[in-house]
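Visitor: I should like to take a close look at one part of this structure, the helices and what surrounds them. Please guide me through what can be seen there.

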Amino acid sequence: MLKYDLVIVGGGPAGLAAAVSARDHGIESILIIERDKELGGILNQCIHNGFGLHTFKEELTGPEYAARFINQVMERKIEYKLNTMVMDISDEKVVTAMNREDGMFEIKAKAIILAMGCRERSRGALNIPGYRPAGIYSAGTAQRLVNMEGYMPGKRVVILGSGDIGLIMARRMTLEGAKVLVVAELMPYSGGLKRNIVQCLNDFDIPLKLSHTVVDIEGKERVSAVTIAQVGPNRKPIPGTEIRYECDTLLLSCGLLPENELSRSAGVELSPVTFGPVVNDSLETNIDGVFACGNVLHVHDLVDYVSQEAAVAGKNAADYIQNGKNTDAKAVEIIPEGGVRYTVPRYIRPTEMEDTVTVRFRVGEVYKNCQIVTYFDETPVLKRKRPVMAPGEMEQIILDKKKLQMFPMLSKITIKIEEA
């Protein structure tokens, strides 16, 4: 059996940043396991710019951003295995993996970081009536076909869902000569970043129809038309509001889900809201020495935040390997209320935490002229005014250790949205 101090599952932006951070905090024996044929993860197909403004203070494309971290991994001579699938993680932190060269093999790790990223919601989960012809793609698949394989999925396109990948593909398909007829979104608000709506739809006169969904797909061999309709507050189509578009392609951009089959089988507690692991301030799961970061934890809107979070996971995994764990530390739960859907982390250990801890979360609907209020028990200690908040944009607050120590009997932290 192979032995490593730290095994990182996933060689995308989270796995790479976690590996670099762990090495910089004194861990020599690290292995990154990646199922694709190259490091970098999803960034390799994101050829648009807009990455790296926080991390590198300049605007990079996805492959350029990935290359910066890949170079850091190479400089530090961190080991990695490509084309390798992790099959299982046991309670004893034994990782079972498999590839062509080594067959099935096991690795005993002192600590594990889960960095498997996320995947798109599949069509089957969407229950669209109509035929199942060719010409229906997830937005991410279409992105890979256009940007990496050099194939054009179609010429007349309807997009369902306004997640960031769908918005970016509306622009990409237009630049490649396709006609994007409409972007339909089931919810009364967009699921993507405001800047992507402006740069990818408004700048190219592509209509965005909120509170609309696909009610019919026509075509036997290939999509020939798609009908969308307005939906009411119950999200059911309203008869008489149908609009039919003749097209040859339907792209689905209906949200992302953290890739957590491995985590579930390993016994990691998952959040019913994010579908990612429940973690404490060191990004450690309920299993000792198993950490999680990036989109496997919760879906981020900026890769810079993924890298920041992964660096924290790498540092804390290194600390766990070197010093073990303080099992006596008291954990205080962070409770999301009044429009806050979840928080990452869910637990804070005031005695063990860093000087500050960033708590990230998303809201459940669009809020205007509100404030984010943080309560220690019943005492409001932090207030932050926000002119507008939307589910597509991640929010954050920063908890200060010194402030927490002023409440030695603290039993809970509540974060909620209130009127300003």
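**A close look at the helices and their surroundings**

Guide: In this predicted model, Gly150 comes just after helix H3 and takes a positive phi of about 75°. Helix H3 itself spans residues 139-149, and its buried residues are Ala139, Gly140, Ala142, Gln143, Leu145, Val146 and Asn147. The cover over these buried residues includes strand S9 (118-120), strand S10 (136-138), helix H4 (164-175) and strand S17 (249-252).

We turn next to a pair of helices. Two packed helices are described by the angle between their axes and the distance between the axes. For helix H1 (residues 13-24) and helix H2 (residues 62-75), the angle is about 35° and the axes are 9 Å apart. The crossing of H1 past H2 is left-handed. On the H1 side, Leu16, Ala17 and Val20 take part, and they meet Ala66, Phe69, Ile70, Gln72 and Val73 of H2. Sorted by class, this contact of H1 with H2 has seven nonpolar residues, one polar residue and no charged residues. Phe69, one of the H2 residues in that contact, also belongs to a cluster in which ring pairs link it with Phe56 and Tyr65.

Aromatic rings also matter to another helix, H7. The model has five aromatic pairs. Among them is the pair of Phe291 and Tyr320, which is edge-to-face, with 6.1 Å from centre to centre and 75° between the planes. Phe291 lies in strand S19 (residues 290-292) and Tyr320 in helix H7 (residues 303-323), so this pair ties together parts that are 29 residues apart in sequence. Both partners are buried: Phe291 has a relative accessible area of 1%, and Tyr320 has a relative accessibility of 17%.

Strand S19 leads us to the loop that lies between helix H6 (261-265) and S19, where Phe275 is found. Phe275 has a phi near 65°, a positive value in a residue other than glycine. Leu283 is placed in the loop between H6 and S19 as well, and its phi is positive too, at about 65°, although Leu283 is not a glycine. As for exposure, Phe275 is partly exposed, with a relative accessible area of 37%, whereas Leu283 is buried, at 5%.

A further loop, between strand S20 (332-337) and strand S21 (347-348), holds Pro345. A cis peptide bond joins Val344 to Pro345, with omega at about 5°.

Finally, there are two lysines over rings. Lys81 lies over the face of Phe105, at 5.3 Å from the ring centre, and Lys416 lies over the face of Tyr375, at 5.0 Å from the ring centre.

Key. Residues are numbered from 1 along each chain as its sequence is written. This is a predicted model: local features need pLDDT of at least 70, side-chain atom pairs count only at pLDDT 80 or more; totals for chains, interfaces and linings use all residues. Side-chain values use heavy atoms; hydrogens and water are left out. Rings of Phe, Tyr and Trp (its six-membered ring) pair if their centres lie within 6.5 Å; planes under 30 degrees apart count as stacked, over 60 as edge-to-face and the rest as tilted. Helices (H or I, at least four residues) and strands (E, at least two) are DSSP runs, numbered from the N terminus. Buried means under 20% relative accessible area, exposed over 50%, partly exposed in between (1.4 Å probe, protein chains only). A charge sits over a ring if NZ of Lys or CZ of Arg is within 6 Å of the ring centre and within 35 degrees of the ring normal. Axes are lines fitted to C-alpha atoms, for helices over the stretch in contact, and angles run from 0 to 180 degrees between N-to-C directions. A crossing is left-handed if the near helix is turned anticlockwise from the far one by less than a right angle, and right-handed if clockwise. Contact means heavy atoms within 4.5 Å. Ala, Val, Leu, Ile, Met, Phe, Trp, Tyr, Cys and Pro count as nonpolar, Asp, Glu, Lys and Arg as charged, and the others, Gly among them, as polar.
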